[in-house]
Amino acid sequence: IATMTTIFTLRTALRSRQVACTRTRPLLQKCWYRGDSGDAQLNLSAAEAALLQVAKPRSEEILARHTRLPSLEHIPKASLDPNTTESEKDVLELNVRRKRLVYRAKQRGWLEVDLLLGTWASLNVPDLNAKELD
């Protein structure tokens, strides 16, 4: 049970990136996440360090996929018209970027910001060119 508690606590810590862990040991230990300030002191057990090594590459892969610019390479071929020319593909790729940008502006998770930023994005993003989107 103590091992399951440790695994669950580490998963929760990696997800929330706030209060890192409270481990079940004879002496109750706490370690805290302090962002990227460099003040973090990791007091991980061997099992927690092993879990972190397993989770880190997957986390980096998800972050890279989330932050890359959308391109037609990542859209299934069946979703695209096979008769599109290269110039149409460039326009289509730009439209995909615009749509994703508007969606992300509306789905930030904070209602007031979603309304303000989403409304601005809906009105202005369709008029932006590729350089302005970058």
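Colleague: Which residues form a positive surface patch here?

Modeller: R65, R68, R100, R104 and R108 do. Bear in mind that this is a predicted model, where local features need pLDDT of at least 70, side-chain atom pairs count only at pLDDT 80 or more, and totals for chains, interfaces and linings use all residues. Residues are numbered from 1 along each chain as its sequence is written, and side-chain values use heavy atoms, with hydrogens and water left out.

Colleague: What makes a group of residues a patch, and why is this one called positive?

Modeller: Patch residues have over 30% relative accessible area and no salt bridge (a side-chain nitrogen of Lys or Arg within 4 Å of a carboxyl oxygen of Asp or Glu). Like charges are joined within 9 Å, the place of an Arg charge being its CZ. Lys and Arg count as positive, so this patch of R65, R68, R100, R104 and R108 is a positive one.

Colleague: Why is R108 called exposed?

Modeller: Exposed means over 50% relative accessible area, buried under 20%, and partly exposed in between (1.4 Å probe, protein chains only). R108 has 56% relative accessibility, so R108 counts as exposed. R108 is found in the loop between α3 (86-106) and α4 (111-124).

Colleague: And why does R104 count as partly exposed?

Modeller: Its relative accessibility is 40%, which lies in between those limits, so R104 is partly exposed. R104 belongs to helix α3; helices are DSSP runs (H or I, at least four residues).

Colleague: How much of the protein is buried?

Modeller: Buried residues are 21% of its 134 residues.

Terms used: Patch = residues over 30% accessible without salt bridge, like charges linked within 9 Å, V, L, I, M, F, W, Y side chains within 5 Å. Areas by Shrake-Rupley, 256 points an atom, 1.4 Å probe, with all protein chains shown as cover. Helix = DSSP H or I, 4+ residues; strand = E, 2+ residues; numbered from the N terminus.
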